Amino acid sequence: MISFHKITLCLSGNNVGIGTNGPVSLLHLHSTSTSTDVRINITDATTGSSSINGFALIKNTVQDAYVWNYYNANLKFGTNNSERFTILAAGNVGIASASPAYLLDVNGLIRTNNKLAVVKDRKSTRLNSSHLG
């Protein structure tokens, strides 16, 4: 165990704990306070280094989880070395679309186990399989 002013690092096997004496994963962050956020901030010289810069993974005081980009930039998710899901800085979401043109832009088939509602100008149209052929 290595201790600095207000920081304790615990090495347990190959695991590193910050704020815990018993880390259960490669990196385990723990707060002993019930009224504080636990966060990982990723910043560089371009973003600055404060708590509202860069990119963050956050668990807040009421147990909500956030994946947060503080900048006017896109957020992308991928699997199998391919981009799968994009949220543009303006808020458009793309599934299998790297540059979504609409609030929700899906490049592929969409399946619903229920009806699909299409709403325009407060008028709703409900579609089921008989509408689609």
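A residue counts as buried when its relative accessible area is under 20%. By that rule, buried residues make up 17% of the 133 residues in this chain. The model is predicted.

**The chain as a whole**

The chain has 13 strands and one helix. Read from the N terminus, the strands come one after another, and the helix ends the series. The accessible surface of the chain comes to about 10500 Å². Carbon and sulfur atoms account for 55% of that surface. Now take the contacts between residues at least 6 apart in sequence: 4% of them join residues at least 24 apart.

**Two open sheets**

One open sheet is built from three strands, in the order 5-6-7. Its pairing is antiparallel. Strand 5 (38-42) and strand 7 (65-69) stand at the edges. Each has a single partner strand, so one side of each is left without a neighbour in the sheet. Neighbouring strands here are turned by 10° against each other on average, direction ignored.

Another open sheet holds four strands, in the order 8-9-10-11. Here the pairing is mixed. Its edge strands are strand 8 (75-79) and strand 11 (104-106), and each of them pairs on one side only. From one strand to the next, the twist averages 25°.

Two strand pairs, one from each sheet, can be set out side by side.

| Strand pair | Bridges | Direction | Residues that stand opposite |
|---|---|---|---|
| Strand 5 and strand 6 (residues 55-59) | Five bridges | Antiparallel | Asn-41 and Ala-56 |
| Strand 8 and strand 9 (residues 82-87) | Five bridges | Antiparallel | Thr-79 and Ser-82 |

**A closer look at Asn-92**

Where does Asn-92 lie? Asn-92 is in the loop between strand 9 and strand 10 (93-95).

Is Asn-92 buried or exposed? Its relative accessible area is 18%. The cut-off for buried is under 20%, so Asn-92 counts as buried.

Which residues touch Asn-92, leaving aside its neighbours within four places in sequence? Asn-92 is in contact with Thr-86 and Ile-87. Asn-92 is also in contact with Pro-100, Ala-101, Tyr-102 and Leu-103. One of these residues, Pro-100, also takes part in a polar contact. The backbone oxygen of Pro-100 lies 3.3 Å from a polar atom of the Asn-92 side chain.

Note on methods:
Residues numbered from 1 in each chain as written. Predicted model: local features only at pLDDT ≥ 70, side-chain atom pairs only at ≥ 80, totals over all residues. Heavy atoms only, no water. Pairing = 2+ DSSP bridges. Axes fitted to C-alpha atoms, helices over the stretch in contact; angles between N-to-C directions. Buried < 20%, exposed > 50% of the residue type's maximum accessible area, 1.4 Å probe, protein only. Contact = heavy atoms within 4.5 Å. Areas by Shrake-Rupley, 256 points an atom, 1.4 Å probe, with all protein chains shown as cover. Polar contact = N/O pair within 3.5 Å; in protein donor to acceptor, adjacent residues only side chain to side chain.
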